[in-house]
Amino acid sequence: MIQLTDKKDCCGCFGCKTICPKQCISMEMDNEGFHYPKINYSLCIDCGLCNRVCPVLNRYPSQSSGIRVFACKNQNEPIRLSSSSGGIFSLLAEDILARNGVVFGARFDSDYTVYHDYTEKISDLPLFRGSKYMHSRIEDSYKKAERFLKDDRQVLFTGTPCHIAGLKHFLRKDYDNLLAVDVICHGSPSPAVFKKYVNELTENEPISDIQFRDKTEGWSKYSFCVTYTKNGNKIHFRQPAKENNYMRGFIKGLYLRPSCHDCPSKNFTSGSDLTLADYWGIDNIYPEMNDGKGISMVVTYTDKGYHFFNSITPKLEIKESSPEHAKENNPAICVSVEKNPERESFFKEFASHSFSDSINQFILPYKDKEPTLYDRIKWKWEALQKSLRLNKK
């Protein structure tokens with residue numbers, strides 16, 4: 001049976017719960033808002049499947065050799081503007097659905113926490129579009145995906161690298177009809193922290209929309225937006241991400257899942273076919289591509305991944321890049337975010353105070369302090385050196 005002695009050794013993929021033949025593992029939320037496995041030992045038959053499916057205990061080798069990197073954007077401008085970056089997910093999803101396939105991804109539930117679900121309809125794709133900076137509950141999506149795969153349906157499964165690693169370990173075999181796509185991930189913030197923040201912001205009024213990456217002010221200056229109703233009036237709150245306290249706390253790693261600080265699926269080790277991300281740094285190689293509306297970076301690892309990506313290229317503006325440039329400008333593809341030394345202090349405050357009172361102690365003192373050129377060069381250099389060390393392993 002799986003033994004969890006340190007919370008950093010669980011990425012919350014739900015794989016152990018899903019694979020257990022006796023259903024003796026439940027996922028329970030801790031006081032930080034993250035789910036961890038709890039075992040009913042009276043039902044456990046010690047089959048060991050939970051250990052074999054765990055992405056932390058079973059890490060894939062790096063797929064860094066033979067990868068190809070592309071900068072691209074969807075030629076359908078409305079779709080691109082409603083997407084976080086270049087609108088590539090929507091094209092892949094439409095291609096899969098056109099083959100009578102199924103698309104899995106993260107969406108909001110009724111109280112605006114995030115969970116994994118699937119759709120068989122193009123009209124549902126807006127629900128899965130866009131970044132959601134919160135840990136997504138997989139629930140039984142692995143089991144549902146397996147059922148569709150065994151029925152010979154095409155399946156697109158999208159998620160963070162640890163979600164994809166959990167899926168691949170759960171399936172225990174390769175499926176030609178599975179397209180596994182991950183995203184470059186900074187880390188998974190606590191759903192409990194986000195819920196408290198939004199409830200305070202909206203004063204518990206009904207919410208109709210949340211966008212973490214609104215592009216009204218442009219792709220590189222995106223904003224956090226919440227739309228809600230108060231006293232019968234619709235209120236549209238928009239704030240630049242760099243000024244929004246929730247986003248600032250997320251970037252600073254104040255309330256990420258402990259496993260995110262030593263991610264088991266970084267550095268091309270998730271087992272995915274494709275990686276999607278923003279192509280930060282595009283101005284250094286293809287400045288003419290940047291119209292301020294979003295550009296995607298696509299990394300292909302497998303022949304299957306390249307084949308599916310190639311099938312949508314007629315609908316893209318696209319240029320090939322290099323792995324070196326991708327790593328330099330998107331270090332999170334290889335390197336886990338450092339643990340914030342104030343993390344424990346924040347959660348102690350959070351347990352007994354409002355989000356605003358808790359976050360202000362750790363964010364506001366730095367609100368007007370922008371990183372210097374030296375800081376940015378130093379951070380890039382440290383990330384590059386760490387990436388090189390990982391690639392030598």
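The exercises below work through helix packing, helix faces and individual loop residues in a predicted model.

In this predicted model, local features need pLDDT of at least 70 and side-chain atom pairs count only at pLDDT 80 or more, while totals for chains, interfaces and linings use all residues. Residues are numbered from 1 along each chain as its sequence is written, and side-chain values use heavy atoms, with hydrogens and water left out.

**Exercise 1. Describe how helix H6 packs on helix H7.**

Solution. Two packed helices are described by the angle between their axes and the distance between the axes. Helices (H or I, at least four residues) and strands (E, at least two) are DSSP runs, numbered from the N terminus, and axes are lines fitted to C-alpha atoms, for helices over the stretch in contact, with angles running from 0 to 180 degrees between N-to-C directions. The axes of H6 (residues 141–150) and H7 (residues 161–171) come within 10 Å and cross at roughly 55 degrees. Angles under 35 degrees count as roughly parallel, over 145 as roughly antiparallel, 65 to 115 as roughly perpendicular and the rest as oblique; H6 and H7 are therefore oblique to each other. Contact (heavy atoms within 4.5 Å) is made by Tyr142, Lys143, Ala145, Glu146 and Leu149 of H6 and by Cys162, His163, Gly166, Leu167, Phe170 and Leu171 of H7.

**Exercise 2. Determine how the buried residues of helix H12 are arranged, and what they pack against.**

Solution. Begin with the buried set (buried means under 20% relative accessible area, exposed over 50%, partly exposed in between, with a 1.4 Å probe and protein chains only): in H12 (residues 343–352) it consists of Arg343, Phe346, Phe347 and Phe350. Seen down the helix axis, these residues fall within an arc of 95 degrees, so they line one face of H12; the arc is that of the directions from the helix axis to the C-beta atoms. The face of H12 turned away from this buried side carries the exposed residues Lys348 and Ser352. The buried residues of H12 pack against H8 and helix H13 (355–363).

**Exercise 3. Carry out the corresponding analysis for helix H10.**

Solution. In H10 (residues 303–312), the buried residues are Gly305, Phe308, Phe309 and Ile312. They cover an arc of only 95 degrees around the axis, which puts them on the same side of H10. Their packing partners are strand E3 (68–74), helix H4 (88–98), E7, strand E11 (274–278), strand E12 (296–300) and strand E13 (316–320).

**Exercise 4. Locate Arg172 and Asn204, and characterise their backbone and exposure.**

Solution. Arg172 is not a glycine, yet has a positive phi of about 60 degrees; Arg172 is found in the loop between H7 and strand E7 (178–183) and is exposed, with a relative accessible area of 58%. Asn204, also not a glycine, has a positive phi of about 60 degrees. Asn204 sits in the loop between helix H8 (191–202) and strand E8 (207–214), and counts as exposed at 58% relative accessibility.

**Exercise 5. Set the sequence separation of two residue pairs beside their separation in space.**

Solution. Asn31, in the loop between strand E1 (25–29) and strand E2 (35–39), is exposed at 70% relative accessibility. Asn31 and Phe347 are 316 residues apart in sequence and 8.7 Å apart in space, C-alpha to C-alpha. Tyr222, in the loop between E8 and strand E9 (223–230), is buried, with a relative accessible area of 18%. Tyr222 and Cys47 are 175 residues apart in sequence and 48 Å apart in space, C-alpha to C-alpha.
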